[in-house]
Amino acid sequence: MSIPPILFGGGALVTQEPSRPTVRTLIRNGQKTETAWRFELTEDAWFDLVECLRDDPAVLLGLWCDGKAVHAFFNDGVPGGEVGLRPLMASLVLDGPRYRGFSAIRHRAAPFERMIRDLWGVEAMDAADTRPLVDRGAWTVTAPLSERPVPTSGMTDMPEFAAPDPVVAAQGMVFSRGPASGGSEGPVHFRLGVANERVRTVEALTGFAHRGMEARMAGVSLTEAAALSGRIHVGASVAHQWAFSAAVEQAMGTTIAPMIGHIRAMLCEIERIHTHLTSLARTADAAGAEMLATRLYKARDILSRVCQAAIGRRLLLDCVVPGGVTLAISGYEQLPEDVVLDGLRTLCEEIAVFGTGDFLDIQALWQATGVVTSGLVGEGVVPRSLADALVLGGAIGRSCGRGADLRQSMEAYSGVRIRTPVAIEGDAAARCRIRFEDIAESLRMIAAFGAMFSPDDEAERPSFLVPLKIPQERCEGYAAVEGPDGLICHVVILQAGRVERTFIAEPAGVLQGVQETALPGSSPSKFDAVRCSFGVSVAAVDL
Amino acid sequence: MSTVLIRALFTSLLAPAGPALPPVVSRSPLVFFHVDSGGCEACSLEVEALRKGDYGLAEAGIVFTDAPRLADMLLVTGTCTRMMAPVVKAAWEAMPQPKGLLAVGACAIDGGPFAENYAVLGGLEKRASVDCAIPGCPPTPDAILQGIVNLLSPTPAPIMEA
Ligand code: SF4
């Protein structure tokens, strides 16, 4: 085992074996670019980088392509804790439609590599997962974002599924569900091999919800890109709009008033509660705990109604924009800051009422409902080793004993105590329990933010929205936010007054794979409940 | 989801829209089948809120099913992706006559933020005769309910904006 690098003050890095390169030194040895944190690597250096990852704690946050190069976005260690984000980007100019992939060493890279292959026709060598992710042959072209997309007939054969498991083939059955199940989840198709009362194989066919986010967020105005970033998926629209906005602000060197940060964080916590309630309600519903599900759905609806009454929106889409926040307390025009703060404080207070009343009742009811507590124990277990290998965060990572939380180091959360709940079982029951505890923590934070939104503080109050104008010269920025399901990261490239490109890292892609690994072994009657406990949104997987 | 739908998905891609729809007669209860054909899931979430919350849906004579062959109305949210188009079509064809089509949200109507591209066909407006279109990105559950009620009442009142 290697000894983790020791960090000193300003970021100088000293390892136990100075002769061995680290990911950081390898990337920094590359050719400098106009962006301080991005370096261009030669093919050899890229190979060394991949090899170096075998025993380096660096985390791959994202991997993207722009047709000319592939870009790998790394962080020194797991983001979270005191240090926060210390990212570096390595770019490899492509010489042909191939590059050395990361997924054999960092399985986290798999959904990114699959997406790059489907969108750009650029293949990762040594890839751990070569299945398509979103291109199932139904598009008008293959490799739609490449320079020369190849037209297709728009017709395909049946999708390719792996050969059935021998036990399933001999004495079991294959079940299909989706993409139109009549429920409210996004479109995805599952194929389950069931034998001896157990689900033995699970294959997910994704791509039904692919809308081409990457293509749509290229070459557009700031307003268009910001609106689109909120529509990646509803479960994390504040988180995405925040990450996008913060990335734009970072690229342009704009600093945002601390109060705006707090407002964004507060909205993000409301969204976290909403998203957790959705997945808890769906889990309860699928498990057959009808009364519990009804209570959870109603609680979610009340939360939405409170938001509508206070800020004019049930769901918090388009509240966070580059340059600040757009909040229209009961209406659609920007109001004076004091009125907004007043409204936000009332909102926080009303949510706190939910936390001290209804929420506790629902939590007690959940604990007393066998089908969702003991019934989900030992189901859909995510092993700690897998969680560590994939650097899982969010409720799923936390239920496997991983407590990394980016909020600890985020400026916007300064002044609020953060306690990240952690469990070790890694099963569906633990995931649900963590969601409840996460909600309790968010409720506490919202109350703390409410106390900060005090209008009698007469200090200079900066405007909540400073309109930004993209400069002509090229600039790049990044930002990451702790979303409801883990780390959400955006890298933006701005040029000539437009958003040239946006790279999105969504935890859903990785979680979809985790779900496929963890679901086999569950009993068919519990399959849906266990699946809902993961809360993976296909809109976010497919992009 | 039957294998019939899946097969339809991979063989009848981009099939033309069906003929104009016969008018929906008022029956009780009115059965809906909901398909999300690919959006940000916000519209689906609001349909779910309407189904599961205190909106008096059952009193209004509206129920949801998970089998299209039992449905009177097809409720679509999200833009129609090229992969979902045959699924929507197959669901529609599985429904008995008379039947109606409901487009909920900007995506389902005209594609909204997700207009036609390599992977997306866009909204239903141009491809089928939509009996009821509820605008908004996303519309509120109240607006969706209002739209449905207007559809059922003999003299429709204007649809509330979200
Ligand atoms: S209409 Fe808007 S809110 Fe509804 S699914 Fe489409 S993008 Fe999302």
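1. A salt bridge here is a side-chain nitrogen of Lys or Arg within 4 Å of a carboxyl oxygen of Asp or Glu. With that in hand, A:R433 and A:E425 make a good opening pair: they form a salt bridge, and their closest N and O atoms are 3.2 Å apart. Please keep in mind as you read that this is a predicted model.

2. How exposed are the two partners? A:R433 has a relative accessible area of 35% and is partly exposed. A:E425 is partly exposed too, at 39% relative accessibility. Both values fall between the 20% and 50% limits, which is why neither residue is called buried or exposed.

3. Staying in chain A, have a look at A:R384 and A:D388. Their salt bridge has its closest N and O atoms 3.0 Å apart. Both residues belong to helix α12, which covers residues 384–389 of chain A, and they sit 4 residues apart, about one turn of the helix. A:R384 is partly exposed at 43% relative accessibility, and A:D388 is partly exposed as well, with a relative accessible area of 33%.

4. Chain B offers a pair of its own in B:K89 and B:E93, a salt bridge whose closest N and O atoms are 3.0 Å apart. Helix α3 of chain B, residues 85–94, holds both partners, again 4 residues apart or about one turn of the helix. What accessibility class does each partner fall into? B:K89 counts as partly exposed at 26% relative accessibility, whereas B:E93 counts as exposed at 52%.

5. Beyond these pairs, there is a network to follow on screen. Salt bridges with shared partners link A:E269, A:R272, A:R398, A:D405, A:R407, A:D438 and A:E482 into one network. Over all chains, the structure holds 41 salt bridges. As a general reminder, side chains of opposite charge can pair when their charged atoms come close.

6. Now to the ligand. Where does the ligand lie? Its place is between chains A and B. It is surrounded by 13 residues, and the closest are B:C40, B:C43, B:A106, B:C107 and B:C137.

7. Which helices of chain B each supply at least two residues of the shell around the ligand? They are α2, spanning 42–52, and α4, spanning 106–110. Sorted by class, the shell has 9 nonpolar, 3 polar and 1 charged residues. If you check this tally, note that Cys and Ala count as nonpolar here, and that both residue types appear among the closest neighbours, B:C40 and B:A106 being examples.

How values were computed: Residues are numbered from 1 along each chain as its sequence is written. Chains are lettered from A and ligands numbered from 1 in the order in which they are written. This is a predicted model: local features need pLDDT of at least 70, side-chain atom pairs count only at pLDDT 80 or more; totals for chains, interfaces and linings use all residues. Side-chain values use heavy atoms; hydrogens and water are left out. A residue is near a molecule or strand if one of its heavy atoms lies within 4 Å of it. Buried means under 20% relative accessible area, exposed over 50%, partly exposed in between (1.4 Å probe, protein chains only).
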